[in-house]
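This report describes a structure in terms of its overall fold, its metal site, its internal space and several individual residues. The sequence and coordinates are shown first.

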Amino acid sequence: MPVELVPHQSLIALGRLAGSRGYLWGTGGNLSLRRSESHFLITMRGTALDQLDSQDFVLAPLQGERDEPPEASTEIQLHRRIYQARPDVRCVIHLSPFYTTLVACTDLELPTDIVPETALYLGEIARVPYIQPGTDELARAVAEALGKERSVVIMANHGVVTVGESPLDAFRRVEVLEFLCRMVVTARSAGLELHRIGPDAVASLRRSYGVKARG
Ligand SMILES: [Zn+2]
């Protein structure tokens, strides 16, 4: 049924895009998409995100147990808790791109008012301490850190979770965050100080582009 193929295809395209940007290594990372009020589609465990096909996904119940269904990504609970807490979210992406993960292993500050895109797409970035992957403890901490308004959570010594109203919306946040982390790390390595555009400029950007103030 062509209608059923569309959600798979959007996540397959997302995985390839992440691969083309150099954001993947090993079999880390997982992608999901809300399908209905009761279910979401998620990548299966052990999949390479840049080589996904329609067999690499499983439909999971929103109100399921932590390991249900068993063939789903080991980090399914992370996705489930977010969909439970945020009815506005349609797509959840978890990846560990290099610069984002490097920053996640440090206390480096991440100012988002550096260029217009970082101010508009990232909003307030939440951070959670290191918690073992795959646990409900991590899932709850991430959902709580997102709250009702945030879209980006950095998980210490692990990677990032972004959410969005669509796959591209969530992916843009991964991309802009990786760009920001690369700028911050590169500036620090070169001894450069990044100038910030400041809260007034950010507020003006959000008014112009119709982005709701976050955090
Ligand atoms: Zn992970």
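A residue counts as buried when its relative accessible area is under 20%, as exposed when that area is over 50%, and as partly exposed in between. The model discussed here is predicted.

**Enclosure of helix H2**

By this criterion, 8 of the 10 residues of H2 are buried, so the helix is largely enclosed by the rest of the structure. The buried residues are Ile76, Gln77, Leu78, His79, Arg80, Arg81, Ile82 and Tyr83. For the protein chain as a whole, 50% of the 215 residues count as buried.

**Overall fold**

The protein chain contains 7 helices and 7 strands. Their order along the sequence is α-β-β-β-α-β-α-α-β-α-β-β-α-α. The radius of gyration is 17 Å, close to the 17 Å given by the globule rule for 215 residues, so the chain is as compact as a globular protein of that length. The C-alpha trace spans about 50 × 35 × 30 Å along its principal axes.

**The zinc site**

Which atoms coordinate the zinc ion? The donors are two OE atoms of Glu75, NE2 of His94 and NE2 of His158, at 2.0 to 2.6 Å. Along the chain these donors follow the spacing E-x18-H-x63-H. Histidine 94 belongs to strand E4 (residues 91-95), whereas histidine 158 is in the loop between strand E6 (152-155) and strand E7 (159-164); the pair therefore ties together parts that are 64 residues apart in sequence.

The angles among the 4 donor atoms run from 51 to 139°, and the site is irregular. A tetrahedral assignment would require all angles to lie between 85 and 135 degrees, and the range of 51 to 139° therefore fails that test at both ends. For reference, the ideal angle for four tetrahedral donors is 109.5 degrees.

Both histidine donors are buried: histidine 94 has a relative accessibility of 2%, and histidine 158 has one of 12%.

**Internal space**

Rolling a probe the size of a water molecule over the atoms shows where empty space is left. In this model the count is 1 cavity of 30 Å³ or more, and the largest cavity holds about 40 Å³ of space. Its lining consists of Thr74, Glu75, Gln77, Leu78, Gly134, Thr135, Leu138 and Ala139. Helix H2 (76-85) and helix H5 (136-146) are the elements that give two or more residues to this lining. By residue class, the lining divides into 3 nonpolar, 4 polar and 1 charged.

Two features described above meet at this lining. Glu75 is one of the lining residues and also provides OE donors to the zinc ion. Gln77 and Leu78, which are among the lining residues, are also among the buried residues of H2.

Glycine 134, another lining residue, is found in the loop between strand E5 (126-128) and H5. Glycine 134 is buried, with a relative accessible area of 16%.

**Backbone features in loops**

Where does the chain contain a cis peptide bond? Such a bond joins glutamate 68 and proline 69, with omega at about -5°. Proline 69 is located in the loop between strand E3 (57-61) and H2.

Asparagine 157 has a phi near 55°, a positive value in a residue other than glycine. Its place is in the loop between E6 and E7, the loop that also holds the zinc donor histidine 158. Asparagine 157 is partly exposed, with a relative accessible area of 46%.

**Selected C-alpha separations**

The following pairs relate separation along the chain to separation in space.

| Pair | Residues apart along the chain | C-alpha separation |
|---|---|---|
| Aspartate 53 and threonine 43 | 10 residues | 9.9 Å |
| Leucine 14 and glutamine 63 | 49 residues | 26 Å |
| Glycine 134 and proline 61 | 73 residues | 17 Å |

Aspartate 53 lies in the loop between strand E2 (39-43) and E3, and counts as partly exposed at 38% relative accessibility. Leucine 14 is in helix H1 (residues 2-20) and is buried, with a relative accessible area of 4%.

Notes. Residues are numbered from 1 along each chain as its sequence is written. This is a predicted model: local features need pLDDT of at least 70, side-chain atom pairs count only at pLDDT 80 or more; totals for chains, interfaces and linings use all residues. Side-chain values use heavy atoms; hydrogens and water are left out. On a 1 Å grid over the protein atoms alone, a cavity is a set of points where a 1.4 Å probe fits but cannot get out, and a pocket is an open set with protein on both sides within 12 Å along at least five of seven lines; lining residues have an atom within 4 Å of a point. Grid points are joined across faces, edges and corners, and a volume is the space filled by probe spheres set on the points. Helices (H or I, at least four residues) and strands (E, at least two) are DSSP runs, numbered from the N terminus. Ala, Val, Leu, Ile, Met, Phe, Trp, Tyr, Cys and Pro count as nonpolar, Asp, Glu, Lys and Arg as charged, and the others, Gly among them, as polar. Donors are N, O and S atoms within 2.8 Å of the metal (3.2 Å for Na, K and Ca); water is not among the atoms, so sites may look incomplete. Four donors count as tetrahedral if all angles lie between 85 and 135 degrees; four count as square planar and six as octahedral if opposite donors are over 155 degrees apart and all others between 65 and 115; anything else is irregular. Buried means under 20% relative accessible area, exposed over 50%, partly exposed in between (1.4 Å probe, protein chains only). The radius of gyration is taken over C-alpha atoms; the globule rule is 2.2 Å times the number of residues to the power 0.38.
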